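Reader: Please show me the sequence and the model, and then let me put some questions about how the chain is arranged and how its charged side chains are placed.

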Amino acid sequence: MSTPSLASLPIRRLTLRDQAACADLSEDRGWPREEHKWGFLLTAGKGYGIDDPDGGLVSACVVTEYGPQNPSLAAIGMVLVAGRHTRQGVGRRLMRHVVSAMGTTPLTLHATPNGRPLYEELGFKVTGRAEMVIGRFTGGSEPRVATRAATAEDLTAILRLDEQVFGTDRTHIVTRLPAFADQLRVAEEGGRIIGYAAAWPNMDTHVVGPLIARDTSVAQALIASLAAHTDRPLRTDIDVRHEELLAWVKERGLESVAFNSVMSYGITELPGDWTRRFAPVTVAAG
């Protein structure tokens, strides 16, 4: 029996039942398995994939939509093609399908240097950069901003602040953070929440994200408070325009490991207030 061509294999929606297969695909490409993150993305967003007749997945990606009803923005992430099927147009075909399926919805993604040429070919434009830093936070003289663990009573204020800063509603992401993250903390001033951040487990690190703060000093206080409550290295992806914060974390033990291009399709810049948006939940979800 002949093997079907890659071009003839159907693209289907993935579900949480595909979590292990997605993790296998990550591992196949030399990425961490990240099953915890895959589970989050597959429940909060829409997964797309191509099944391999020999088992597993040929390719996969996840789309996370934002907005209260019709999506006003969608983030594409975790675009992967199995090593044995690379350079055969599979990633391009899957991306074209996703872009078409999203219609007129503006799109965003974080592109690695290897992935950027494909996205540019599809019409995505570079609108920014993010720097990934990782390491053990060593502390030092920390800003005097009050922080504490978030409670259920804080949710309304967190959602209000998040929508102001992110530029569209992402209730379905924020309300999942207490279960997804090991820590969710807020910064306060005069009884008002002026920032919040989460730290979620990813392999042997804690990823800091989202990181929403009134200014750099509040962002610093939130990172320091998260670091004080974990014995794992921290990892985060900071908008390169936040030069002061990047210098501060590097002085405290985190090192630069990679740069990603922030790209968009259908819009010239992301909505919201970048001056208060320091790091995403994960680059896969914006």
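The questions and answers below go from the whole chain to its strands and then to its charged residues.

Author: This is a predicted model, in which local features need pLDDT of at least 70, side-chain atom pairs count only at pLDDT 80 or more, and totals for chains, interfaces and linings use all residues. Residues are numbered from 1 along each chain as its sequence is written, and side-chain values use heavy atoms, with hydrogens and water left out.

Reader: How many helices and strands does the protein chain have, and what radius of gyration goes with them?

Author: Helices (H or I, at least four residues) and strands (E, at least two) are DSSP runs, numbered from the N terminus, and on that basis the protein chain has 9 helices and 13 strands. The radius of gyration is taken over C-alpha atoms, and the globule rule is 2.2 Å times the number of residues to the power 0.38. For 286 residues that rule gives 19 Å, and the chain comes close to it, so it is as compact as a globular protein of that length, with a radius of gyration of 19 Å.

Reader: What share of the residues in the protein chain is buried?

Author: Buried means under 20% relative accessible area, exposed over 50%, and partly exposed in between (1.4 Å probe, protein chains only). Among the 286 residues of the protein chain, the buried share is 51%.

Reader: Which strands pair with E3, and which glycines in the turns have a positive phi?

Author: Two strands pair if DSSP finds at least two bridges between them. Strand E2 (residues 46-51) runs antiparallel to E3 and is joined to it by 6 bridges, with Ile 50 opposite Ser 59, while strand E4 (residues 73-81) is also antiparallel to E3, through 7 bridges, and there Tyr 66 has Leu 73 as its bridge partner. E3 itself (residues 57-66) is mostly covered, 9 of its 10 residues being buried. The hairpin of E2 and E3 has 5 residues between the strands and a positive phi of about 110 degrees at Gly 55, whereas the hairpin of E3 and E4 has 6 residues between the strands and a positive phi of about 130 degrees at Gly 67.

Reader: Where does strand E6 find its antiparallel partners?

Author: Strand E6 (residues 125-135) pairs with strand E12 (residues 255-265) over 9 bridges in the antiparallel sense, and one of the bridge pairs sets Gly 128 against Val 262. E6 is also antiparallel to E11, with 6 bridges between them, and Gly 135 stands opposite Leu 234 there. The partners are therefore not left to inference, as each is given by its bridges: E12 and E11.

Reader: Which side chain of opposite charge is nearest to the buried Arg 235, and how far away is it?

Author: Arg 235 has its place in strand E11 (residues 234-239). Lys and Arg count as positive and Asp and Glu as negative, while His and the chain ends are not counted; a salt bridge is a side-chain nitrogen of Lys or Arg within 4 Å of a carboxyl oxygen of Asp or Glu. Contact means heavy atoms within 4.5 Å, and, leaving aside neighbours within four places in sequence, Arg 235 has contacts that include Met 132, Asn 202, His 206 and Glu 34. Arg 235 has no salt bridge, and the nearest side chain of opposite charge is Glu 34, at 4.2 Å.Reader: Which helices are tied together by the salt bridge of Arg 92 and Glu 121?

Author: The structure holds 20 salt bridges, and in one of them the side chains of Arg 92 and Glu 121 meet at 2.7 Å, N to O. Arg 92 counts as partly exposed at 32% relative accessibility, and Glu 121 counts as partly exposed at 44%. The pair ties together parts that are 29 residues apart in sequence, because its residues lie in helix H3 (residues 90-101) and helix H4 (residues 116-121).

Reader: Which residues form salt bridges with Arg 148?

Author: Arg 148 counts as partly exposed, at 24% relative accessibility, whereas Asp 154 counts as buried, at 7%. The closest N and O atoms of Arg 148 and Asp 154 are 2.8 Å apart, and the side chains of Arg 148 and Glu 188 meet at 3.0 Å. Glu 188 lies in strand E8 (residues 183-189) and Arg 148 in strand E7, so that pair ties together parts 40 residues apart in sequence. The salt-bridge partners of Arg 148 include Asp 154 and Glu 188.
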